[in-house]
Amino acid sequence: MPQRPALARTAAFCEQFNLRVPILMAPMASACSPSLAIAIANAGGLGGCGALNMQPETIRKWAADVRAGTNGGFQFNLWIPDPPPKRDAAAEAAVRDFLAKWGPPVPPEAGNVVLPDFDAQCDALLEASPAIVSSIMGLHADRFVARMKAKGIKWFATVTTVSEAKAAESAGADAVIAQGMEAGGHRGTSDLAQAETRLVGLFSLVPGVADAVKIPVLATGGIADGRGMAAALLLGASAVQIGTAFLRCPEAKIPSAWADAIGKAAPEDTVITRTMTGRPARSIATNYVRAAMGPAAPPPAPYPVQRGLTQPMRDAAAKANDIAGIQAWAGQSARLARAEPAGEVVQRLWREAQALL
C-alpha cells in the first residue's frame, strides 16, 4: 500500500534534514535551556536556541553544552535587526511611572538597552556550525546566506504571509517556517508596521504558503497535540515547530507560575501585546498586560526600549514567582500543554499524529 502523501512528505523532510521525527523545538529566547534542546533532539526532533540576547561566547557555550548531551541536531535563531528606535524622554518617563505600580522603581537609564553585536553573533553561529540557522523579523543578507551555504548549514526563514514566503524562497531559504497568528511569543513579520494588521491563522497560512513555494513548509503556532500536528501536515506542512507545548516540561525550567498559567489558559486568555518588549507578541493576559493595554496606560516605548523598561518588573516577578509581571508568552493552544518530560511530548505528538494520518 503506498504511503499517504502527508506521511511521505514528512519522511522526505526527515531524511533531508537528518531527523527521526518531524518536530522542531521553537527557538524561544526566554526558554531555550540546553536541557530542553537535548531532550527533544534525543527523542528524534530538532533542538532550538533563540540567540537574540546571547553574546558570541554564550552562543558557543550553548552549542558545546548541547553537543555534550546529544548527537542530534539543533537550530540557532537570530532576529534581523530593526533600525535604531526613536527615543522620547517624556513618553518613557510616563511608562516608568506606570511600571512602578507593578514592580520596583524603574531608573531612567533602563531604556538604554544595548543589543549584542549582530555581525559578531552571526560569526559565532557559523563557528558553532549548527545543522540549521533560522531567521525571524526579516531575511538574512545575501553575503551571510552564502557563508552559511559554504559551511553546509541550512537556512529556515520564519514567515507570516505568503508574500514573505515567496521572498524567502527567492533569497535562498532551504525551508520556510509559517508562523500563524496563534503562536506564542513575538510575531515574526518582517514589516513591523503590519504585525497586527496581517494576522493570518495557521489553517489559512500553511496551504497558502505550500501552494506558493517549492521548498518545505514548517507549521508553527497553536500546535500542541497530535490533532493539530496532523492537521498541519494534511494542509501541506512537512514538519511542525512547537514552543508553548514544551514550556510545561521540566527541562524548560521556567517559573512555575508561568507553567501553571499555561496549563489553565483558554485560547481567549491570550492576547497580542506590545507592553512587554515594544514588539507585538502573544502573551497570557496577565493583570499587568490587561492594565498596560487599558485606556489609562501610556503607549509602550519601541523595541528594545520597552523591554529594558519592563526588565525590573519582570525580574522581580520571576524571583517572586508572581504571574502578574512575568513575561508569560503562550500560544492559543496553551491549555493542551502537559507537564511531562519533553521527550515524551515529542513521541506522544508524533504517535497521535501518525494514528490520525
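Select β10 (270-273) and strand β11 (residues 281-284) to begin, and you will find 4 bridges joining the two strands, which run antiparallel. Strands here are DSSP runs (E, at least two residues), helices are DSSP runs of H or I with at least four residues, and both are numbered from the N terminus; two strands count as paired if DSSP finds at least two bridges between them. The model is predicted, so that local features need pLDDT of at least 70 and side-chain atom pairs count only at pLDDT 80 or more, while totals for chains, interfaces and linings use all residues. Residues are numbered from 1 along each chain as its sequence is written, and side-chain values use heavy atoms, with hydrogens and water left out.

**The sheet of 3 strands**

Within this first pair, pick isoleucine 272, whose bridge partner in β11 is arginine 282. Adding β7 to the selection gives an open sheet of 3 strands in the order β7-β11-β10, with antiparallel pairing. β7 and β10 stand at the edges with a single partner strand each, so one side of each is left without a neighbour in the sheet.

**The sheet of 8 strands**

Next, select the open sheet of 8 strands, which follows the order β1-β9-β8-β6-β5-β4-β3-β2 with parallel pairing. At its edges stand β1 (23-25) and β2 (47-50), each with a single partner strand, so one side of each has no neighbour in the sheet. Neighbouring strands of this sheet are turned by 25° against each other on average, direction ignored, where the axes are lines fitted to C-alpha atoms and angles run from 0 to 180 degrees between N-to-C directions.

Now isolate β4 (132-136), in which 5 of 5 residues are buried, meaning under 20% relative accessible area with a 1.4 Å probe and protein chains only. Show the side chains, and Ile132, Ser134 and Ile136 point one way from β4 while Val133 and Ser135 point the other way. On one partner, β3, 5 bridges make a parallel join to β4, and phenylalanine 76 stands opposite valine 133. On another partner, strand β5 (residues 154-159), the parallel pairing with β4 extends over 4 bridges, and tryptophan 155 is the bridge partner of valine 133.

Further along the sheet, β6 pairs with strand β8 (residues 217-220) in the parallel sense over 4 bridges, and glutamine 179 stands opposite threonine 220 in β8.

**Leucine 99**

Move to helix α4 (residues 89-99) and select leucine 99, which has its place there. Is leucine 99 buried or exposed? With a relative accessible area of 1%, leucine 99 is buried. Leaving aside residues up to four places away in sequence, leucine 99 touches Val106, Tyr288, Leu309, Thr310 and Met313, contact here meaning heavy atoms within 4.5 Å. By contrast, select tryptophan 62, which is 37 residues from leucine 99 along the chain, and the two C-alpha atoms are separated by 33 Å.

**Empty space**

Rolling a probe the size of a water molecule over the atoms shows where empty space is left. On a 1 Å grid over the protein atoms alone, a cavity is a set of points where a 1.4 Å probe fits but cannot get out, whereas a pocket is an open set with protein on both sides within 12 Å along at least five of seven lines, and lining residues have an atom within 4 Å of a point.

The largest pocket holds about 920 Å³ of space. Of its 47 lining residues, Met28, Ala29, Ser30, Gly185 and Trp329 are the closest to its centre, so select these five to find the place. The largest share of this lining, 5 residues, comes from α12.

For the second largest pocket, with a volume of about 310 Å³, select Pro81, Asp82, Leu115, Pro116 and Tyr303, which lie nearest its centre among 19 lining residues. β3 and α5 (118-128) each supply at least two residues of this lining.

Finally, a search of the whole structure finds 1 cavity of 30 Å³ or more, and the largest cavity has a volume of about 50 Å³. Its lining includes Val95, Phe98 and Tyr288, and α4 and α11 (287-292) each supply at least two of the residues there.

Technical notes
Grid points are joined across faces, edges and corners, and a volume is the space filled by probe spheres set on the points. Buried means under 20% relative accessible area, exposed over 50%, partly exposed in between (1.4 Å probe, protein chains only).
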